[in-house]
Number of protein chains: 2
Amino acid sequence: MVVGRMTGDPVGMHRVLEPMGALPQAAERLDTDPVVRDDEVRVRVRRLNLDAASFRQLEHKHGGDGAAVRAEVLGIIRRRGKMHNPVTGSGGMLVGTVEEVGESSPLGLAVGDVVATLVSLTLTPLVIEDDLADWDGLSEQVPAAGYAILFGRSIAAKLPEDLPMPLALAVMDVCGAPALTERHVGRYADPVVVVIGGAGKSGSLCLAAARRAGARRTLAVVPHQAEADLLEPTGLADQVLVCDARDPVALRDTVTAAGGPADLTVVCVDVPGCEGGAILATATGGTVLFFSMATSFTAAALGAEGLAADVTMVVGNGYVPGHADLALELVRSDAGVRGLFERRL
Amino acid sequence: MVVGRMTGDPVGMHRVLEPMGALPQAAERLDTDPVVRDDEVRVRVRRLNLDAASFRQLEHKHGGDGAAVRAEVLGIIRRRGKMHNPVTGSGGMLVGTVEEVGESSPLGLAVGDVVATLVSLTLTPLVIEDDLADWDGLSEQVPAAGYAILFGRSIAAKLPEDLPMPLALAVMDVCGAPALTERHVGRYADPVVVVIGGAGKSGSLCLAAARRAGARRTLAVVPHQAEADLLEPTGLADQVLVCDARDPVALRDTVTAAGGPADLTVVCVDVPGCEGGAILATATGGTVLFFSMATSFTAAALGAEGLAADVTMVVGNGYVPGHADLALELVRSDAGVRGLFERRL
């Protein structure tokens, strides 16, 4: 590697304007200079996909006034040099066309590639050049013209040509969960896998990934019969269990009666209070993957200790090499997963 | 196993009075009936060790009035049937003598054993019979007479006869960290191990455990030169690094210059904001063990994704089979660890 004057820090520290020393995600403001460093890539932006929590907050704040929402999004991007909602702390992703590739970029992209960013907008330098004139401010999907910068360690995936863009984006948005599920399934021989929230987007992908990776038995936990009625016909789970995952003993007993406890439990529902049940539903020596952003670190740590549960608890990392390809392949090959996704677009 | 009328639920659900369905730790009130179920153990209490955060809160609230602190502790225990500080959410541990053992108790205890509980007081049914008359309310160490109930899945360890009780209790209080460190070191060949907070109680044990488990190189990160001066003479770390672990790039660069990145990074300091640095200091394919209760689940999850870091992040589970024996053995065999502990008693 040639380290020259214009090579960037791989995680983008050279783009942080304030506070100095913060990582780009934690920073208040980023440098949006369009000149790429040797290891950077500039993308011509076509569309932003705002994080759902961020859009809901803005929509609610402005009482559904789309023009006001648009003005605030523009203001955030101008002020911070990135789309980082200061209230929700979340961003989203973007779609665009590669415009320039630094000579030592490790991302494997070429000019003209149509890509989606798989790192958050909260750390992506972004400039909007059309005032978002084609957006009505009424949906998370934001047509946009401008540019964004990717760092050496950013992640971008080429958009597949055989899937509709909204479907591909929805799949890429949750693609870390099935990849990490596949990896952990592979650490057990013929495991029983429980997916809490199995009828959701990440949950259905995790069920498909678990079966493909060699799970002996897959169990899906859903909160209502209506979700069970959606999931059962897909055949993604060997058994669908209707149970409130916040009730630890009910979850333990339900899973045990259905062939558990689990070797691997995957938590894919964004409701608080599922830690105890997930731990109790998991066998000694088993693993719990927490993908819910509502997970409490202390509830998990103290809960397992209090239950004398020798289970490995893993923080769901959204980045696993090859995650987008795996998830897209699952959607292509499994009509059940695809059907569940298309219902939710 | 004989399942009879009087066999308890192994995690103690039968002792929950309100709210129904909660785990004992989450419960408002526990049943303190002294009659043991088949799988329970009753312990005659000698001493409580209040959690440090809980004691500090009570001390501060009452302005150092020991009698008022004592009255409030008694009130909490009477009202809740357990020592569960409603403000801090924490409890502590207790020392006592086994008084009665249910015929199917799996804990391996015998009447007369002197034990410490390794599950929290926040889930242990407890009755005080002496009004804590021998306690001045001015320290975390509470002489007490009364009884406590252990469940089938509770954890209690016999107190060693060759170590002073305060030392043994301090070691048991943090014994989960070295045990989990040992396990994860064993998953790598000749790993580099970084312990953030290496001069502390759990940190020094983790350093000793890592070396014994086969670490090729151990690096300790401490915040000040004074801590480095304490740690260096013990020889517990191959190198001691003075660095603010909240500065991600500084930590990455410091660790890298000292032989990193780490295959295993162990976070043992209770300060917020160490997630990014721990992730950046860890090699692709490496593991971060978070033992700090100040860890933010979302900071870890989104941080790793934003850094495109393929690291496994593990929630530090305080329970690992054999954890107390391992930690006590490390203190017995390593004068450096013992010295650091004795300085902090």
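How many residue pairs, both at pLDDT 80 or more, are in polar contact between chain A and chain B? Here are a few points to go with your look at this predicted model.

1. To take that question straight away: the count between chain A and chain B is 12 residue pairs in polar contact, with both residues at pLDDT 80 or more. On the chain A side, helix H7 (248–257), helix H8 (275–280), helix H9 (297–306) and strand S14 (312–315) each supply at least two of the residues that touch chain B. Of the elements, H9(A) gives the most to that side, with 9 residues. By residue class, the side of chain A that touches chain B divides into 27 nonpolar, 12 polar and 7 charged.

2. On the extent of the interface, 46 residues of chain A are in contact with 46 residues of chain B. The area buried between the two chains is about 4,100 Å², and carbon and sulfur atoms give 61% of it. If you want residues to look up in the viewer, try A:Arg153, A:Phe297 and A:Val315: together they supply 17% of the area that chain A buries against chain B, more than any other three residues.

3. Turning to charges, the rule finds 4 salt bridges across the interface of chain A and chain B. In one salt bridge, the side chains of B:Arg183 and A:Asp310 meet at 3.0 Å, N to O.

4. Lastly, the strands. S14(A) pairs with strand S14 (residues 312–315) of chain B in the antiparallel sense, over 3 bridges. Within this pairing, A:Met313 stands opposite B:Val315 in S14(B).

Note on methods. Residues numbered from 1 in each chain as written. Chains lettered and ligands numbered in written order. Predicted model: local features only at pLDDT ≥ 70, side-chain atom pairs only at ≥ 80, totals over all residues. Heavy atoms only, no water. Contact = heavy atoms within 4.5 Å. Buried area = accessible area lost by both parts, 1.4 Å probe. Polar contact = N/O pair within 3.5 Å; in protein donor to acceptor, adjacent residues only side chain to side chain. Helix = DSSP H or I, 4+ residues; strand = E, 2+ residues; numbered from the N terminus. Nonpolar A, V, L, I, M, F, W, Y, C, P; charged D, E, K, R; others polar. Pairing = 2+ DSSP bridges.
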